[in-house]
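Trainee: I am new to this structure, and I would like a careful, close look at its interior. Please give me enough of the setting to follow along.

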Amino acid sequence: MEQYTLWKTLITSGDPVTAWQKFYVYFYQAFIEADRWKQYLSGVVSTLYVTALALALGVILGVIVAVVRTAHDQQRPGHNNPILGVLNFIFKIYVTVIRGTPMMVQLLIMGFVIFSSSKNFALVGALTLGINSGAYQAEIIRGGLMAVDSGQMEAGRSLGLNYVDTMRFIIIPQAVKAILPALGNEFIVLLKDTSLISVIGGKELLYAARAIVSRTYEAMFPFLGTAAIYLVLVMLFTWLLGIFERRLRQSDRR
């Protein structure tokens, strides 16, 4: 601590210092001084919380939209369900609007227009990210469902299964194996996109780094540290997805 104080005084006064002394001072004040590492830890917890909520919402929305749109597209000629037609039209608008507008704009509208009176910025951010991710996941899942041979559906129906059970037990398990890499990539994008909620006041990892920069007036180490933490989280996420993919492949061989 005394060494840090001495070297920081030298840097502040403009006296010549070595590269190691600069590195030590900037690293110390970015992570050690005033227990600032706890702010990063709190930011990681908040980031994972927002990611989990957004992921759950995105998966639910994605599956519902994909199943409804697939059911609409696979109707027999002359057997058009009007309810499916309305829902398909609504979901097409949802996917088009969400995929056609920037995430940042969606966050600003949700944070400062729709939920302008809310103080739970993390929850608003999670809701926005989930709605955004749901549109992309819907198209990924729909592509996987449409890629499964139509004979699989006919086989399930011939066995006495209704449409929901056929999708649940036959079509979706096959589709998941095909779309898992694309879904994994979407999940990783979602994790990194949590950094955007700081624009509406969400206290996640990047918010913590910016708060530290405002106190230390030195941006390199807080932002590099934040990038390193995101990299570790993404690598961990990728590793877990790899384990899941290997287990699915092993189940295919049995």
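Mentor: I will begin with the chain as a whole, then go into its interior, and end with a few residues away from the centre of that account.

This is a predicted model, in which local features need pLDDT of at least 70 and side-chain atom pairs count only at pLDDT 80 or more, while totals for chains, interfaces and linings use all residues. Residues are numbered from 1 along each chain as its sequence is written, and side-chain values use heavy atoms, with hydrogens and water left out.

The chain has ten helices and zero strands, where helices (H or I, at least four residues) and strands (E, at least two) are DSSP runs numbered from the N terminus. The C-alpha atoms of the chain occupy a box of roughly 85 × 50 × 25 Å along the principal axes. The radius of gyration of the chain is 24 Å, whereas a compact globule of 254 residues would have one near 18 Å; the radius is taken over C-alpha atoms, and the globule rule is 2.2 Å times the number of residues to the power 0.38.

Of the 254 residues, 39% count as buried. Buried means under 20% relative accessible area, exposed means over 50%, and partly exposed lies in between, with a 1.4 Å probe and protein chains only. Among contacts between residues at least 6 apart in sequence, 69% join residues at least 24 apart, a contact being heavy atoms within 4.5 Å.

Now to the interior itself, starting with the largest nonpolar core. This core has 27 residues, and those with the most contacts inside it are Tyr40, Ile141, Leu145 and Ile171. A nonpolar core is a set of buried Ala, Val, Leu, Ile, Met, Phe, Trp, Tyr and Cys residues joined through side-chain atoms within 4.5 Å. The helices α2, α3, α6 (121-147), α8 (163-193), α9 (205-216) and α10 each supply at least two residues of this core, and α8 gives the most, with nine residues.

Isoleucine 141 shows what such a residue touches: leaving aside neighbours within four places in sequence, isoleucine 141 is in contact with Gly62, Val63, Ala66, Ile179 and Leu183. There is also a second, separate core of twelve residues, which includes Met103, Ala122, Val124 and Ile197.

Valine 124 gives a way into that second core. Valine 124 lies in helix α6 and counts as buried because its relative accessibility is 7%. Valine 124 is in contact with Met110, Gly111, Phe115, Ser118 and Ile200, again without neighbours within four places in sequence. The C-alpha atoms of valine 124 and leucine 107 are separated by 8.2 Å, although the two residues are 17 residues apart along the chain.

Another buried residue to look at is threonine 226, which lies in helix α10 (residues 220-253). Threonine 226 is buried because its relative accessible area is 4%. Not counting residues up to four places away in sequence, threonine 226 touches Tyr40, Leu205, Leu206 and Ala209, and Tyr40 is one of the residues with the most contacts inside the largest core.

For contrast, here are residues with more open surroundings. Tyrosine 163 is in helix α8 and is partly exposed because its relative accessible area is 22%. Tyrosine 163 touches Val67, Thr70, Ala71, Gln74, Met153 and Arg157, not counting residues up to four places away in sequence. Tyrosine 163 and alanine 71 are 92 residues apart in sequence, yet 8.8 Å apart in space, C-alpha to C-alpha.

Tyrosine 24, in helix α2 (residues 19-32), also counts as partly exposed, because its relative accessibility is 21%. From C-alpha to C-alpha, tyrosine 24 and glutamine 3 are 9.6 Å apart, with their positions 21 residues apart in sequence.

Finally, the loop between α2 and α3 (37-73) holds alanine 34, and aspartate 35 has its place in the loop between α2 and α3 as well. Alanine 34 has phi near 55°, a positive value in a residue other than glycine, and aspartate 35 has a positive phi of about 55° although it is not a glycine. Alanine 34 is exposed because its relative accessible area is 64%, whereas aspartate 35 is partly exposed because its relative accessible area is 39%.
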